[in-house]
Amino acid sequence: MRIADKIAARQTFSFEIFPPKGEFPLEEARAVATELAADRPDWISVTYSAGGSGNSANTVPIASSIEHELGVTALAHLTCLGSTRADVDAYVSGLVDAGVENVLALRGDRAPGREAIDFEHASDLIEHLRALGSGLCIGAACYPEGHVESPTEEESFESLYKKQEAGADYLVSQLFFDNEDFYRFREKCLRHRVRLPIVAGIMPFTSVKQIQRMAFTCGASIPAKVVKRLVLAGDDPADQARAGVEYACEQLVDLAANGVDGLHVYSMNKPAVAHAAHETLLACGYLGA
């Protein structure tokens, strides 16, 4: 089923999985997906890495398995930086042959040896996907605190508008730790003519090092209330991870109560994290049993 149709019908709930890299067995990824599917999310997204990182070839098989073996809608990621039109066309053909009809169109992170070939921006990729006439439902990324490479807020919203006009059906946000940032972003989208549904993406922090890395690479600000949670958790890694999951669950409940279009959990291949989010929302009455 098309994810845009699901979002139009109700507030959605979804997870993300990272396919294995290198020699890491696909069976383990399928096992993780099976556990995620047990909570009956509206979809499970499957990441894609270009530029030789090792897991892009696994995206379609895992997405197909989620769709046809687990009976859950799959959202296959596609990054275009470093890819040719022929690369993208072959990937789309594989998706269509596998019966996967949802794709998240992304530019991808810049890295040495991964330069623009035929696609400079995600909006270029979206426009090409639409021109192919494959019938794919296309999602795109958005950034509640602005894209790290956008020098001004105006430029960040202009990029979002281009994605909308190129043919994106909905947006999925990058992680954020202060829901007020998301609510302000949602209001600003309307002022900048961006009217697509926006799914809120939440990633539980699991350690001090992880949250520092995310702040640097994603540009996500770390509010004082998160720092206090980490201080109270102390040095024990298990306590830090527990504090992160609890905080993320509180974010999800607040977002659900404030009528966001969807809730997406970056569960980091940890079914226990996804299950905690599901149980919290279920207990608060935001999910059907």
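**Notebook: barrel, helix packing, one salt bridge**

I looked first at Val46, which stands opposite Ala76 in β3. Val46's strand partner search led me to β2 (residues 43-46) and β3 (residues 74-79), which pair in the parallel sense over three bridges. For strands I use DSSP runs of E of at least two residues, and for helices runs of H or I of at least four residues, numbered from the N terminus. Two strands count as paired if DSSP finds at least two bridges between them.

I note that this is a predicted model, in which local features need pLDDT of at least 70 and side-chain atom pairs count only at pLDDT 80 or more, while totals for chains, interfaces and linings use all residues. Residues are numbered from 1 along each chain as its sequence is written, and side-chain values use heavy atoms, with hydrogens and water left out.

**Entry: the barrel**

I traced the strands and found that eight of them close into a barrel, in the order β1-β2-β3-β4-β5-β6-β7-β8, with parallel pairing. From one strand to the next the twist averages 30 degrees.

**Entry: helices on the sheet**

I then asked which strands helix α2 (residues 26-37) lies across. They are β1 (12-17) and β2, and α2 runs at about 165 degrees to β1. Helix α4 (residues 85-97) packs on the sheet too, touching β3 and β4 (102-106), and its direction makes about 170 degrees with that of β3. Contact here means heavy atoms within 4.5 Å. Axes are lines fitted to C-alpha atoms, for helices over the stretch in contact, and angles run from 0 to 180 degrees between N-to-C directions.

**Entry: α4 and α5**

Next I checked helix pairs. Two packed helices are described by the angle between their axes and the distance between the axes. α4 and helix α5 (residues 122-132) pack at about 55 degrees, with axes 11 Å apart. They are therefore oblique to each other; angles under 35 degrees count as roughly parallel, over 145 as roughly antiparallel, 65 to 115 as roughly perpendicular and the rest as oblique. The crossing of α4 and α5 is right-handed: the near helix is turned clockwise from the far one by less than a right angle, whereas anticlockwise would be left-handed. Arg85, Val88, Asp89 and Val92 in α4 meet Leu125, His128, Leu129 and Leu132 in α5. By class, this contact has five nonpolar, one polar and two charged residues. Ala, Val, Leu, Ile, Met, Phe, Trp, Tyr, Cys and Pro count as nonpolar, Asp, Glu, Lys and Arg as charged, and the others, Gly among them, as polar.

**Entry: α10 and its neighbours**

I found helix α7 (residues 179-191) and helix α10 (residues 237-257) packed at an angle of about 30 degrees, their axes 10 Å apart. That makes α7 and α10 roughly parallel to each other. In this contact Asn179, Phe182 and Tyr183 in α7 meet Gln251, Asp254 and Leu255 in α10. I list three nonpolar, two polar and one charged residues there.

The axes of α10 and helix α11 (residues 271-283) come within 9 Å and cross at roughly 40 degrees. α10 and α11 are therefore oblique to each other, and their crossing is right-handed. The contact of α10 with α11 has nine nonpolar, one polar and no charged residues.

**Entry: salt bridges**

I counted a salt bridge where a side-chain nitrogen of Lys or Arg is within 4 Å of a carboxyl oxygen of Asp or Glu. The count comes to eleven salt bridges. I looked up Arg10, which forms one with Asp42, the closest N and O atoms being 2.4 Å apart. Arg10 lies in the loop between α1 (3-9) and β1 and Asp42 in the loop between α2 and β2, so the pair ties together parts that are 32 residues apart in sequence.
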